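Reader: Could you take me through a close look at the side chains here, beginning with a cysteine and moving on to how the helices and rings meet? I would enjoy one connected account.

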Amino acid sequence: MIPSISETTCGSLLQELQRIWDEIGESDSERDKMLLQLEQMCLDVYRRKVEQTSKYKADLHQELAEAEAEAASLISALGERASFSLSENARGTLKDQISAIKPVLEDLRRKKGERVKDFMEVQSQIVRVCAEMGGTVQLGNWANYQVDERDLTVKKLGNLKSQLQELQTEKSLRLQKINGHVNSIHELTAEMSIDFLKTINEVHPSLVDSSNSLSKNISNDTLSRLAGVVHSLQEEKKKRLQKLQDLGSTLMELWNLMDTPVDEQKRFDHVTSLISASVSDVPRQESLALGVIEETEVEVERLNILKTSKMKELILKKQNELEEICREVHLDVDSDSARQILMSLIDSGNVDLSDLLASMDNRVAKAKEQALTRKEILDKVEKWTFSCEEESWLDDYERDQNRYSAGRGAHKNLKRAEKARILVGKIPSLIENLTTRVKAWEEEKGIKFMYGKVPLLQNLEEYRVLRQEREEDKRRNREQKRLQEQLTAEQEALFGSKPSPMRPPILRKPLGQSTNSNTIIGTPTGRRMATPSGHHVISAGKERKDNGKIGAVIPVNYVALPKDDSVSRNASAVVFP
């Protein structure tokens, strides 16, 4: 409460002023005027004092508001709860409120300073690590980093620390990758005898700094360049390994071909050991050096010169094998022409002898494959040929007047004749089956089944036609013989039987012998029928005259056997060219 002036003091002062005015003789108007001035002066003093006090109050309000605003801002920036309540603080005087907020504000300012320092430390490390990974490290460039003081919360600081941890982890991983790339480059350069330090220095000098004055550059560009160097060295390693494997395989082939001594082969054990090695299994350092490759190339070139003469022998040997296979399966081969072509190719020098030998191997393999496909048919052709030979023998046997004599080997001939009749009876079905199989083979392969120089189907058709013609001739001969016997019987009935003069015996070769000879069995007027083996089947001429007219002597052991026309008379002679 503003203190008031006591009435006694004011009264005494007014009385003293009245006394002075009385002595002076001031008029009442002057006195009223002077009293009015004094009152006005008092009011002015009061007014000025009120204004000063009001301004002081406003200043205190401003100070309090600023303090509260700063406190609120710090609380918001720090993300902390206020240590006092503004509503509770508003109950006291302004000075009390200001006195209450000042310690809190000082504590918040202290916390802000500490928090800013933490932010500066974390963010400077983040900037430094990012600069290192970006390859833009420059001293001091991370120290000038400004902290955003509007957000200094613990949460943001934790996020920054997590980011820093991730960056440090990434940095550690990059260092591991760089060390891994450097180690890979060291191994690759050692295997291929390449300068390691020169290769690494071309990527970045810090990677080979032994004094550690420079931190290793871990930028993306460095990682990319290291990875590129590793990839290029791996590709070069693959090329060199493949080249040495090819050279090693060539050496092995040439050694086997040339019968190279083992002691001479040991000089290149380090090369031949790589033939089955993978890229990751190269056994020792400098095994893929250019010097090793060049030395091996020189050796291969030397052996290739010696190989030419040996290859000629092998190629001709393959040609002989091919011709033998073709002969076994009755394939026609022009040996002289083939050999002449081979020699021309070899002498011209325009053909790789290895390719030519491989081509001959392929031809031999195809010939063997074709021989397998022809085997079943050729087996049946062999049966056909054997049946034709037996048919020829049977025809000759049945024309022999003495076949039933008790001579030596007669019983064997009888057994053979029975077997021959069975085989001859199967010839038509054998021909039919063989024709069907040959047609199926030709349809499957799309080529003619050649037997020698002639298609087998042509041989079969010719045999079938000639066999039909022969059967027709035999049928006519049997009819003619029947009429002739009938006429003879009539003549004997009219004129009586007249014995015919004895004819001289006909000399024949023994029936036990094979018919594979150059002699034509049968009459000179017989027809020839081609067989697959090059033999010619001769159809029998007209039957001999009636035995009754010849007057032959019947042996005592004669047994009349019925002759089946479809079996016993299907006989032909076989002759070999």
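Author: Happy to! Let's begin with Cys130, which has a relative accessible area of 35% and is therefore partly exposed, since that value falls between the 20% limit for buried and the 50% limit for exposed. Please keep in mind as we go that this is a predicted model. Cys42 can be placed by the same reasoning: its relative accessibility is 45%, so Cys42 too counts as partly exposed. As for cysteine bonding, a disulfide is a covalent bond between the sulfur atoms of two cysteines. A search of the whole structure turns up zero of them.

From there, let's turn to a charged side chain. Glu299 sits in helix 10, which covers residues 290-328. Its relative accessibility is 5%, and because buried means under 20%, Glu299 counts as buried. What does Glu299 touch, once residues up to four places away in sequence are set aside? The contacts are Leu251, Glu264, Arg267 and Phe268.

Next come two helices. Two packed helices are described by the angle between their axes and the distance between the axes. For helix 5 (residues 154-192) and helix 6 (residues 196-203), the axes come within 9 Å and cross at roughly 145°. The crossing of helix 5 past helix 6 is right-handed. On the helix 5 side, the residues in contact are Val182, Ile185, His186 and Thr189, and they meet Phe196, Thr199 and Ile200 of helix 6. Sorted by class, this contact holds four nonpolar and three polar residues, with no charged ones.

Last, the rings. How many aromatic pairs are there? The count is two. One is formed by Trp384 and Tyr463, with 5.1 Å from centre to centre and 80° between the planes, an edge-to-face arrangement. This pair links distant parts of the chain, since Trp384 belongs to helix 12 (residues 353-399) and Tyr463 to helix 14 (residues 456-495), with their positions 79 residues apart in sequence. Trp384 and Tyr463 are both buried.

Trp441 and Phe449 make up another pair, and here the geometry can be reasoned through. Their ring centres are 4.9 Å apart, which is within the 6.5 Å limit, so the rings pair. Their planes stand at 80°, and because anything over 60 degrees counts as edge-to-face, that is the label for this pair. Trp441 is buried, and Phe449 is buried as well.

Definitions and conventions:
Residues numbered from 1 in each chain as written. Predicted model: local features only at pLDDT ≥ 70, side-chain atom pairs only at ≥ 80, totals over all residues. Heavy atoms only, no water. Phe/Tyr/Trp six-rings, centres within 6.5 Å; stacked < 30°, edge-to-face > 60°. Helix = DSSP H or I, 4+ residues; strand = E, 2+ residues; numbered from the N terminus. Buried < 20%, exposed > 50% of the residue type's maximum accessible area, 1.4 Å probe, protein only. Axes fitted to C-alpha atoms, helices over the stretch in contact; angles between N-to-C directions. Left-handed = near helix turned anticlockwise from the far one by under 90°. Contact = heavy atoms within 4.5 Å. Nonpolar A, V, L, I, M, F, W, Y, C, P; charged D, E, K, R; others polar. Disulfide = S-S within 2.5 Å.
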